[in-house]
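Visitor: I am new to this structure and would love a close look at a single part of it. Could you take me to one pocket and then show me what surrounds it?

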Amino acid sequence: MTANGLISQALGLQASYFVLKGKSKEIYSIDIDRKPLITAGLSQSSSIILSFAIEIALKGLLKFRFNNFPKIHNLEKLFKKLDENDRTQISKIFKDKTHSDIENCLKRHK
């Protein structure tokens, strides 16, 4: 399903909610607020994409360093498979760019 299709479905669900809650007898397109739906969709999508990008990057580095990587998806475990020097460098770059700790990010998106 396309992004437009998902948004249309979500808008339909929002309209149904208004009717079921008795907030409205008729739903006009101007009554449906698209911004929260789009914002929530982008937030959820970016979280999924971030997790996948981190996984691919870690597996790529493991393949480069050790010519192999484990067939797992846990970001913390993948990160711990790197040697100490790589973990330190990645942590420093992450801290400089985001002002947060990479360990927290890996736990949140594992």
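Guide: Here is a walk that begins at the second largest pocket and then follows the helices and loops around it.

First, a word on what you are looking at. This is a predicted model, in which local features need pLDDT of at least 70 and side-chain atom pairs count only at pLDDT 80 or more, while totals for chains, interfaces and linings use all residues. Residues are numbered from 1 along each chain as its sequence is written, and side-chain values use heavy atoms, with hydrogens and water left out.

Let us get our bearings. The chain has five helices and zero strands, and from the N terminus its elements run α-α-α-α-α. Helices (H or I, at least four residues) and strands (E, at least two) are DSSP runs, numbered from the N terminus. Of the 110 residues in the chain, 21% are buried. Here buried means under 20% relative accessible area, exposed means over 50%, and partly exposed is in between (1.4 Å probe, protein chains only).

Now to the pocket itself. On a 1 Å grid over the protein atoms alone, a pocket is an open set of points where a 1.4 Å probe fits, with protein on both sides within 12 Å along at least five of seven lines; a cavity is a set from which the probe cannot get out. Lining residues have an atom within 4 Å of a point. The second largest pocket has a volume of about 150 Å³, where a volume is the space filled by probe spheres set on the points, and grid points are joined across faces, edges and corners.

Which residues line the second largest pocket? They are I54, A57, L58, L61, F79, I90, F94 and I102. Helix 2 (34-66) and helix 4 (84-98) are the elements that give two or more residues to this lining. The largest share, four residues, comes from helix 2. By class, the lining has eight nonpolar, no polar and no charged residues. For this count, Ala, Val, Leu, Ile, Met, Phe, Trp, Tyr, Cys and Pro are nonpolar, Asp, Glu, Lys and Arg are charged, and the others, Gly among them, are polar.

One of the lining residues, L58, also gives us a way across to another helix. K80 is found in helix 3, and its C-alpha lies 10.0 Å in space from that of L58, although the two are 22 residues apart in sequence. K80 counts as exposed, at 52% relative accessibility.

Let us stay with helix 2 and turn to charged side chains. Side chains of opposite charge can pair when their charged atoms come close. A salt bridge is a side-chain nitrogen of Lys or Arg within 4 Å of a carboxyl oxygen of Asp or Glu, and a search of the whole structure finds four salt bridges. One of them joins K59 and E55, with the closest N and O atoms 2.8 Å apart. Both residues lie in helix 2, four residues apart, about one turn of the helix. K59 is buried, with a relative accessible area of 11%, and E55 is buried with a relative accessible area of 11% too.

Helix 4 has charged pairs to show as well. E84 forms a salt bridge with R87, the closest N and O atoms being 2.6 Å apart; these two residues are three apart in helix 4, about one turn. E84 counts as exposed at 51% relative accessibility, while R87 is partly exposed at 21%. The side chains of D96 and K92 also meet in a salt bridge (3.1 Å, N to O). D96 and K92 are separated by about one helical turn because they are four residues apart in helix 4. D96 is partly exposed, with a relative accessible area of 47%, and K92 counts as exposed at 54%.

Finally, look at the loops that follow these two helices. N67 sits in the loop between helix 2 and helix 3 (75-81). N67 has a positive phi of about 60° although it is not a glycine, and it is exposed, with a relative accessible area of 56%. H99 lies in the loop between helix 4 and helix 5 (102-108). Phi of H99 is near 60°, a positive value in a residue other than glycine, and H99 is exposed, with a relative accessible area of 69%.
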